[in-house]
Amino acid sequence: MALVRCEELSIAYEGQTVVRDLSFQIHQGDYLCIVGENGSGKSTLVKSLLGLKSPMKGRIVLGDGLAQKEIGYLPQQTDVQKDFPASVREVVLSGRLNSRGIHPFYTSRDREQAAAMMRLLGIEGLKRSCFCDLSGGQKQRVLLARALCATKKMLLLDEPVTGLDPIVTAEFYQLIKEVNRSSGIAVVMVSHDIDSAVRDASHILHLQETALFYGKAEDYRRSPVGRMFLESTGNSEKTDIEFPERAETSEKRGMEFD
Amino acid sequence: MIDMFFEMLSYPFMVRAFVVGILVSLCSALLGVSLVLKRYSMIGDGLSHVGFGALAAAAALNAAPLAVAIPVVVVSAILLLRVSGSSKIKGDAAIALISTSALAVGIMIISMTTGMNTDVYNYMFGSILAMSSQDVEMSVLLSAAVLILYIFFYHKIFAITFDETFAQATGVRAGLYNTLIAVLTAVTIVLGMRMMGTLLISSLIIFPALTSMRVCRTFYSVTVSSAVVSVVCFCVGITVSYFFATPAGASVVIVNLLMLGIYAIVGILNNQCFYPK
């Protein structure tokens with residue numbers, strides 16, 4: 001049974017179909033990267049996965065005991081948060097709200113859980129700091145801790161490294177990979193960074209209204225769509241694939257492959 | 001000095017003004033934290049103009065002012081949220097649209113019935129004498145409701161204020177709580193506007209939160225500080241108004257402004273001592 005199964009999904013946004021006939025599955029322990037250009041329907045798909053936008057056609061089936069409100073979501077940061085007075089502890093704790101039900105106050109278990117997540121992500125020392133005083137990388141760690149408080153099964157990250165410098169970005173990817181490997185939490189990441197997507201992810205969904213490619217990451221490198229996209233984003237050097245226009249090197253490598 | 005203070009409180013109208021004012025400023029401060037952070041500061045202003053229109057209509061119809069104004073303002077608060085939620089008309093434009101329309105309707109009604117008189121002046125700028133014992137009962141009930149709901153839903157209000165999408169994704173019914181905040185704000189404004197004045201009531205919502213945010217760095221401390229600052233400023237302002245015969249609403253706003261200045265200075269000093277650049 002899959003955690004999430006999308007069947008023939010079509011989603012419309014303001015009367016226009018932005019996602020069409022999309023089918024894919026997310027299993028426990030998967031690391032799925034959703035890539036695609038701007039306006040390819042990624043954000044709309046994310047909204048639907050979160051249950052905030054109902055599909056026009058088709059359906060999203062949650063399985064394996066994953067409840068709709070138990071997806072650990074890491075959204076893009078909003079304008080409001082830039083000068084918002086909130087301590088790190090308050091933000092992380094708010095990830096526990098979905099297990100509160102109608103009970104209005106946090107229990108000591110919630111506080112322990114939040115503390116454990118802050119320890120895991122190395123932000124325990126910041127718990128009294130104001131969220132708005134943190135650096136970009138620290139903020140993302142806080143929001144990741146909040147997302148982890150909200151889920152035991154699946155993280156959904158929406159372009160999490162936007163605006164981070166390369167070193168912090170690499171650290172953050174490492175962190176996500178560790179969370180995915182060590183706890184078996186499925187990771188779904190919407191990303192522009194195709195390079196790290198093929199490196200870290202187990203599966204790739206290339207979205208352009210419908211799925212141009214959906215499958216294992218290693219297959220994506222060899223697929224026509226993957227090649228074209230990898231090349232167009234200028235990451236061709238690092239990906240070890242042969243490209244027709246680089247006749248010399250590709251011939252050599254091509255022989256090795258054969 | 002103390003004698004004069006007790007003398008002031010020997011007038012029933014002053015006691016009523018104090019009770020209603022303290023409760024209204026407490027409620028508006030709590031709601032204000034969320035409204036200011038969600039960039040809805042002007043909602044208070046918009047709603048008070050609607051309230052003005054409603055009071056004018058009530059006077060023309062010889063109806064009880066609160067009985068007309070509260071439902072009208074509550075409905076427009078919900079409407080405002082719905083309209084600014086849709087992308088056709090943006091939030092700030094929607095508020096300006098509704099508030100000026102309501103003001104225009106109010107002025108039309110007044111000019112066709114009683115004409116511009118002292119009542120209109122009082123609606124606009126507030127009057128310390130405006131509170132009846134019915135208002136006292138209403139404000140006690142209202143503020144009890146606001147306080148209970150606020151404490152009960154405090155964590156959810158934090159969540160939807162900080163990050164509405166995440167809150168919704170984790171099962172918090174953001175629409176419901178936004179509506180709740182709007183309705184409570186509407187009732188608070190109607191209760192406070194005749195004392196503070198249509199043009200000045202929104203200060204009770206905006207000032208305490210902004211003041212506290214100069215110094216406090218957590219949501220909890222901002223909330224508590226806003227409540228305290230708001231009540232203190234109101235009491236000082238109304239006392240000044242009594243002793244120096246200044247308009248009540250304006251006095252409270254000036255005290256709030258001074259408090260903002262003090263907090264801003266403390267905030268700057270704080271930053272230099274604890275977070276040197």
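Cys33 of chain A stands opposite Ile204 in strand 8 of chain A. I begin with this pair, in what is a predicted model, and work outward from the strand that holds Ile204(A).

The two partners belong to a parallel arrangement: strand 3 of chain A, residues 31-35, and strand 8 of chain A run parallel and are joined by four bridges. Strand 8 of chain A spans residues 203-208, and five of its six residues are buried, so this strand is mostly covered.

What lies on from strand 8 of chain A? Strand 9 of chain A, residues 210-216, is joined to strand 8 of chain A by six bridges, and the two run antiparallel. Together they form a hairpin with one residue between them. That turn contains Glu209(A), whose phi is positive, at about 70°. On either side of the turn, Gln208(A) stands opposite Thr210(A) of strand 9.

Let me turn to the domains of chain A. Domain 1 is made of two segments, 27-53 and 154-258, while domain 2 covers 79-152. Ten residues of domain 1 of chain A are in contact with six residues of domain 2 of chain A. On the domain 1 side, strand 6 (154-158) and helix 5 (166-183) of chain A each supply at least two residues. Which of these elements gives the largest share? Helix 5 of chain A does, with four residues. By class, the domain 1 side has eight nonpolar residues, one polar and one charged.

Within chain A, I would also point to Leu143(A), which is found in helix 4, residues 136-150. Is Leu143(A) buried or exposed? Leu143(A) is buried, because 25 other C-beta atoms lie within 10 Å, and the cut-off for burial is 20 or more. Its C-alpha atom is separated by 8.9 Å from that of Gly95(A), a residue 48 positions away along the chain.

The next topic is the nonpolar core. The largest such core has 163 residues. Those with the most contacts inside it are Ile34(A), Val92(A), Met154(A), Leu156(A), Val188(A) and, from the other chain, Val73(B). Helix 2 of chain B, residues 12-37, gives the most to this core, with 14 residues. Both domains of chain A take part as well, with at least three residues drawn from each. As for Val188(A), its contacts beyond four places in sequence are Ile26(A), Leu32(A), Ile34(A), Met154(A), Leu155(A) and Leu156(A). Three of these names, Ile34(A), Met154(A) and Leu156(A), appear in the list of core residues with the most contacts.

Finally, the interface between the chains. How many residues are in contact there? There are 25 residues of chain B in contact with 22 residues of chain A. On the chain B side, the elements giving two or more residues are helix 8 (154-162), helix 9 (164-169) and helix 12 (219-244). Helix 8 of chain B gives the most, with five residues. The chain B side is made up of 14 nonpolar, six polar and five charged residues.

Helix 12 of chain B deserves a separate word. Its 26 residues reach 37 Å from the first C-alpha to the last, close to the 38 Å expected at 1.5 Å a residue. Just after this helix, Ala245(B) takes a positive phi of about 55°.

Conventions
Residues are numbered from 1 along each chain as its sequence is written. Chains are lettered from A and ligands numbered from 1 in the order in which they are written. This is a predicted model: local features need pLDDT of at least 70, side-chain atom pairs count only at pLDDT 80 or more; totals for chains, interfaces and linings use all residues. Two residues are in contact if their C-beta atoms, placed from the backbone, lie within 7 Å. Ala, Val, Leu, Ile, Met, Phe, Trp, Tyr, Cys and Pro count as nonpolar, Asp, Glu, Lys and Arg as charged, and the others, Gly among them, as polar. Domain bounds come from an automatic or database domain assignment. A nonpolar core is a set of buried Ala, Val, Leu, Ile, Met, Phe, Trp, Tyr and Cys residues joined through C-beta atoms within 7 Å. A residue is buried if 20 or more other C-beta atoms lie within 10 Å of its own, exposed if 12 or fewer, and partly exposed in between; C-beta atoms are placed from the backbone. The expected span of a helix is 1.5 Å times one less than its number of residues. Two strands pair if DSSP finds at least two bridges between them.
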